[in-house]
Amino acid sequence: MTINDLNIAVIGLGYVGLPLAVEFAKNKKITGFDSDVERVKQLRQGYDLTREIEEQKILSKNLYITNILDEIAFANCYIIAVPTPITSNKQPDLTLLSQATSLISGLLKKGDLVIYESTVFPGCTEEVCVPILENGSNLHYNKDFFCGYSPERINPGDKKHTISKIIKITSGSNSKAARIVDNLYKEIILAGTYKVESIKIAEAAKVIENTQRDLNIALINELSILFNKLDIDTEAVLKAAETKWNFNSYRPGLVGGHCISVDPYYLTYKARKINFKPEIILAGRKINDNMPSHIVKVLKREMKIKKIEFKKSNILILGLAFKENCNDIRNTQVVDIYKLLKKSCNVDIFDPLIQS
C-alpha cells in the first residue's frame, strides 16, 4: 500500500480532527465522521462552534462530513482524533477513545491502517486500542491490519502555529506502516515530519511536551507566590532574568485546557502502574491546581488594603476561556475562581467569545 492507495476517514471532528480533515481535503477527498449529530449538522452548514476553521474550508468539495458509520466503511485508513480527558479522580478517561476504536473495529478489513492522534500514556495504543481492534474485527495486529501514532499538536486560538506549520511526529507498528504514516503526513505538513522508532516513543514524546510546560509554569507560579510574600515584583524579576541568554521565559498564571492540565496525569498513571512514584510531576500539578485559591487570597488581601468589603461585594470576571483569543472552556480554572468567590460574593463572568 502507498499513500496514493489510501481512502481516509477522520474520526472525531473537534479541535484536532476538523483542522486535520480540512488540511487533507486540500489535496484529496476526505470523509470526516463524528457521532455528534448536531456537530455534523453545523459543520455541513459551514459553521464551526470552536471558531477554528473558516466556512469555505469546511464546505470544501473534497470534504464529506457524516455521522453515519456505514458511510466510512469504504475507508482503508482511519485516523482517530477523539478527546482523551481525565476523570474527577485525575485518572485517564479512555471512554471516547475506546468507543471510537470499537466502532472502527467493526469496519476493519485486511490491509487497513488505523492511525491515532489522541494524547495517551506510553503503551496505550498497543495495550488498550489494538486488543479492541483485534476482538472486534477477528483480524491480527501487524499481520492483517496495522497501526500508527502521530500525536496532535493543535493549539486552540493560535492562528500562527497552525497544523501545517508544526513539525509532526510520526510512527508505525512496523517499518512499512511507519513509512506510510510518515509519507502521508508529509503531504500536508509544510514544517516537515519526524519519524520515530516506535509507537511508544511517539506517545511518550507527546505526553512529556505538555508535562514539561506544566512544570515550568509551576516553578514560576511558586516563585510568584514567594515574591508576593516578599513584596517583590515578579514581572520585574523575570524581565531581569531574561537578560541571560539561556533563561527560559515563562509567566505565572492559570493552567487549563485539554493539554497541559491533563497530559501529566496520563504519564503519572502509567508510572504508578509500574510502581514508580513521579514526585516532581505531581508536585507541579499540585502547585498549578492550587493557583485559583492563591489568586482569591491575594484578591481578598488587596481589597482589605483598599478598605473594600469582600463579603457580598459585586465582582465581574472578564474572560472564561482557559486562555485568550479562543472559546475553549475545557478545564478552565476561571470556573474554580468563580466557585470560590461565589461563596461570599456576587459574581458575574463576561467573555465575548463564549456562547451561553
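**Salt bridges, cysteines and surface patches**

Lys90, Asp214, Arg285 and Asp289 are linked in a network of salt bridges (each a side-chain nitrogen of Lys or Arg within 4 Å of a carboxyl oxygen of Asp or Glu). This is a predicted model, in which local features need pLDDT of at least 70 and side-chain atom pairs pLDDT 80 or more, while totals for chains, interfaces and linings use all residues. Residues are numbered from 1 along each chain as its sequence is written, and side-chain values use heavy atoms, leaving out hydrogens and water.

User: How far apart are the closest N and O atoms of Arg285 and Asp214?

Analyst: These two residues pair up in a salt bridge. Arg285 sits in helix H10 (residues 279-289) and Asp214 in helix H7 (residues 199-229), so the bridge links parts of the chain 71 residues apart, where helices (H or I, at least four residues) and strands (E, at least two) are DSSP runs numbered from the N terminus. The closest N and O atoms are separated by 2.7 Å.

User: Is Arg285 buried or exposed?

Analyst: The cut-offs are under 20% relative accessible area for buried, over 50% for exposed and in between for partly exposed, with a 1.4 Å probe and protein chains only. Its partner Asp214 comes out at 1% and counts as buried. Arg285 has a relative accessible area of 1% too, so it is buried.

User: How many residues apart in sequence are the parts that Glu187 and Lys28 tie together?

Analyst: Glu187 and Lys28 form a salt bridge, with their closest N and O atoms 2.9 Å apart. Glu187 lies in the loop between helix H6 (175-186) and strand E8 (193-195), and Lys28 in the loop between helix H1 (17-24) and strand E2 (30-33), so the separation along the sequence is 159 residues.

User: Which of the two terms, buried or partly exposed, fits Glu187?

Analyst: Its partner Lys28 is buried, at 16% relative accessible area. Glu187 has 30% relative accessibility, which makes it partly exposed.

User: How many salt bridges does the structure hold?

Analyst: One of them joins Glu23 to Lys26, with closest N and O atoms 3.0 Å apart. Glu23 is buried at 11% relative accessible area. The count for the structure is 18.

User: Which cysteine has the sulfur nearest to that of Cys147?

Analyst: The whole structure gives 0 disulfides, a disulfide being a pair of cysteine sulfur atoms within 2.5 Å. Cys147 is in none, and the nearest cysteine sulfur is 7.7 Å away, in Cys129.

User: Why is the sulfur of Cys259 not in a bond with that of Cys326?

Analyst: Cys259 counts as buried, at 17% relative accessibility. Its closest cysteine sulfur is that of Cys326, which is too far for a bond because the distance is 11 Å.

User: What nonpolar surface patch do Leu226, Leu230 and Ile232 make?

Analyst: Patch members have over 30% relative accessible area and no salt bridge, with like charges joined within 9 Å and nonpolar side chains (Val, Leu, Ile, Met, Phe, Trp, Tyr) within 5 Å. Ile232 lies in the loop between H7 and helix H8 (234-241) and is partly exposed at 38%. Together the three residues make a patch of about 260 Å².

User: Which helix holds Lys300?

Analyst: Lys300 gathers with Lys229, Lys297, Lys311 and Lys343 in a patch of positive charge on the surface. Lys300 is partly exposed, with a relative accessible area of 40%. Its helix, residues 291-305, is H11.

Conventions: Areas by Shrake-Rupley, 256 points an atom, 1.4 Å probe, with all protein chains shown as cover. Lys, Arg positive; Asp, Glu negative; His and termini not counted. Charge placed at Lys NZ, Arg CZ, Asp CG, Glu CD.
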